[in-house]
Each structure stands twice: as structure tokens, then as C-alpha cells.
Amino acid sequence: MLNIKHRNIVLVDLDNTVADFDRGMEIFLRKLHPDVQIIPACDRRTFWYQRDYPEKLHPLMQGIYNSHGFYADLLPIEGAIEAINEMSKDGIEVMLCSANLRDNPYCASEKHAWVGRYLGRDFVERLILSTDKTMVYGRVLIDDNPNLEGIIKPSWDRVIFDRPYNRETEGPRLTDWINWREVILPLMNA
Ligand SMILES: [Mg+2]
């Protein structure tokens, strides 16, 4: 059983917060569909990757992120792994909180393997897959999703992980993992 100090829990999203989903999409698109004009990361406007593209391309996009190996091969976002290890060392109980995908039968096992690969075996026990993050307990949730909704009032304060498509969202913002202390620590002590 995990021995956790519950007041110190920081929930951390995976996709586009720790694992670079957008870059994964670009790599697969270039390889499999070189004819598709890729929207640069800085010009992304919607949380859902495919919605920045014409509707006729949506099935092709879904085919990529629902495919075997997609989640396993994502690359970490710069500084994320180091920051998570630093938080742990400083006594913060980091739990990874990520959604599962209905139409990708490999998603859960590949996220499990990804966490083991980049953060180590012990961290696999700290992976929570939940589509509704309000149901997960924590002091803080770091997430790129500007529209987090769920069935209960969340226990956590949300810190938005900065991406071009969430710039309108107000509240504490982590623009670079290197700055985690100045953004997260004041919320932990509040
Ligand atoms: Mg995300």
C-alpha cells in the first residue's frame, strides 16, 4: 500500500502536461500522412487536437491516437520528469492523473509502461486513470485542460499548464516546469 501524506498530494496530468501528445501527433502525421499540412504547436487553438483541423481529417487523427504504440512512444515535455522527481524529493506526494481512452484498448497499459519507463517502477503505483478528475483527491491539479468539469466540487486547486489553446483561462499558470516551486508551493501552504 502507498504510504501517503494526504495534505501534500499534487495531481499531475499526463497528456500535453508531462507527455508530449501534440508532438506525437506531428511525428505520426509526418510519417503516415505527409500530405497533411501540420499546424505548428504555437498555432494550436483548441484543447482537442483534431478540432484545429478540417472535419474530414478527424477519422485519420483518431486512427493515430487510438493506434497501438502511440502512447508508448510519446516523448516527455521538457523539464517535466525532472520537476516530478524534485517535487517527490521535497516531500510532495505526486500522483499522476490521466484520462483513459474509450476507443484505444492499449491506452491504459501504454500509459502504465510509459510511467515506468520515465519515472520508474514505483511511480506506476501513483498512476490514476480517471476521466472525471473531480473525483480524484488532491491539493493541487496541474493540467493543460481549460475545461475541467466533473460531477463534484473538486478538492484541488487547478494550476493550468500553459499551452497556446488555454491562454484565456484565468488562475495560477505553470509556463515552464522549471518554475514549479514558485507556482505550486504557495498553493500547498495556502
Ligand atoms: Mg492533458
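**Exercise 1. Aromatic residues**

Which residues form one aromatic cluster? Identify them in this predicted model, then describe the pair made by Trp-114 and Tyr-118.

*Solution.*

Step 1. The cluster consists of Phe-21, Phe-28, Tyr-49, Tyr-53, Tyr-65, Phe-70 and Tyr-71. One of these rings, Phe-28, also has a charged residue over its face: Lys-31 lies there, at 4.7 Å from the ring centre.

Step 2. Over the whole structure, the search finds 11 aromatic pairs. Among them is the pair of Trp-114 and Tyr-118, with 4.6 Å from centre to centre and 45° between the planes. A pair counts as stacked under 30 degrees and as edge-to-face over 60. The angle of 45° therefore makes the pair of Trp-114 and Tyr-118 tilted.

Step 3. Both residues of this pair belong to helix H4 (residues 107-119), where they are four residues apart, about one turn of the helix.

Step 4. The accessibility of each partner is then compared with the cut-offs. Buried means under 20% relative accessible area, and exposed means over 50%. Trp-114 has a relative accessible area of 3% and is therefore buried. Tyr-118 has 23% and is therefore partly exposed.

**Exercise 2. The magnesium site and the loop after E1**

Determine which protein atoms are donors of the magnesium ion, and describe the backbone and accessibility of Asn-16.

*Solution.*

Step 1. The protein donors are Asp-13 (OD), Asp-15 (O) and Asp-144 (OD), and they lie 2.1 Å from the magnesium ion.

Step 2. Along the sequence, these donor residues follow the spacing D-x1-D-x128-D.

Step 3. Asp-13 and Asp-15 are both buried.

Step 4. Asn-16 is located in the loop that connects strand E1 (9-12) with helix H1 (21-32). Most residues other than glycine have a negative phi. Asn-16 is not a glycine, yet its phi is positive, at about 65°.

Step 5. Asn-16 has a relative accessibility of 4% and so counts as buried.

**Exercise 3. The order of the sheet**

Establish the strand order of the open sheet and state which strands stand at its edges.

*Solution.*

Step 1. The open sheet has six strands in the order E3-E2-E1-E4-E5-E6, and the pairing is parallel.

Step 2. The edges are taken by strand E3 (127-129) and strand E6 (173-174); each has a single partner strand, so one side of each lacks a neighbour in the sheet.

Step 3. The pairings can now be followed along this order. E2 and E3 are parallel and share three bridges; Cys-97 has Ile-128 of E3 as its bridge partner.

Step 4. E1 and strand E2 (residues 93-98) run parallel and are joined by four bridges. Across this pairing, Ile-9 is opposite Glu-93, while Val-12 is opposite Leu-96.

Step 5. E1 also pairs in the parallel sense with strand E4 (residues 140-143), over three bridges. Here Leu-11 stands opposite Leu-141.

Step 6. Strand E5 (residues 157-161) and E6 are parallel partners with two bridges, and Ile-160 faces Arg-173 of E6.

**Exercise 4. Burial of E1 and E2, and the position of H4**

Describe the directions in which the residues of E1 and E2 point, and locate H4 and its residue Val-115.

*Solution.*

Step 1. In E1, Ile-9 and Leu-11 point one way, Val-10 and Val-12 point the other way, and all are buried.

Step 2. In E2, Glu-93, Met-95 and Cys-97 point one way, whereas Val-94, Leu-96 and Ser-98 point the other way. Six of the six residues of E2 are buried, and the strand is mostly covered.

Step 3. H4 lies across E2 and E3 and runs at about 160° to E3.

Step 4. Val-115 is part of H4. Its relative accessible area is 0%, so Val-115 is buried.

Step 5. With neighbours within four places in sequence left aside, Val-115 is in contact with Leu-14, Leu-96, Gly-120, Phe-123, Val-124 and Leu-127.

Step 6. The C-alpha atoms of Val-115 and Ala-190 are separated by 30 Å, and these residues are 75 residues apart along the chain.

Notes:
Residues are numbered from 1 along each chain as its sequence is written. This is a predicted model: local features need pLDDT of at least 70, side-chain atom pairs count only at pLDDT 80 or more; totals for chains, interfaces and linings use all residues. Side-chain values use heavy atoms; hydrogens and water are left out. Buried means under 20% relative accessible area, exposed over 50%, partly exposed in between (1.4 Å probe, protein chains only). Donors are N, O and S atoms within 2.8 Å of the metal (3.2 Å for Na, K and Ca); water is not among the atoms, so sites may look incomplete. Two strands pair if DSSP finds at least two bridges between them. Rings of Phe, Tyr and Trp (its six-membered ring) pair if their centres lie within 6.5 Å; planes under 30 degrees apart count as stacked, over 60 as edge-to-face and the rest as tilted. A charge sits over a ring if NZ of Lys or CZ of Arg is within 6 Å of the ring centre and within 35 degrees of the ring normal. Contact means heavy atoms within 4.5 Å. Axes are lines fitted to C-alpha atoms, for helices over the stretch in contact, and angles run from 0 to 180 degrees between N-to-C directions.
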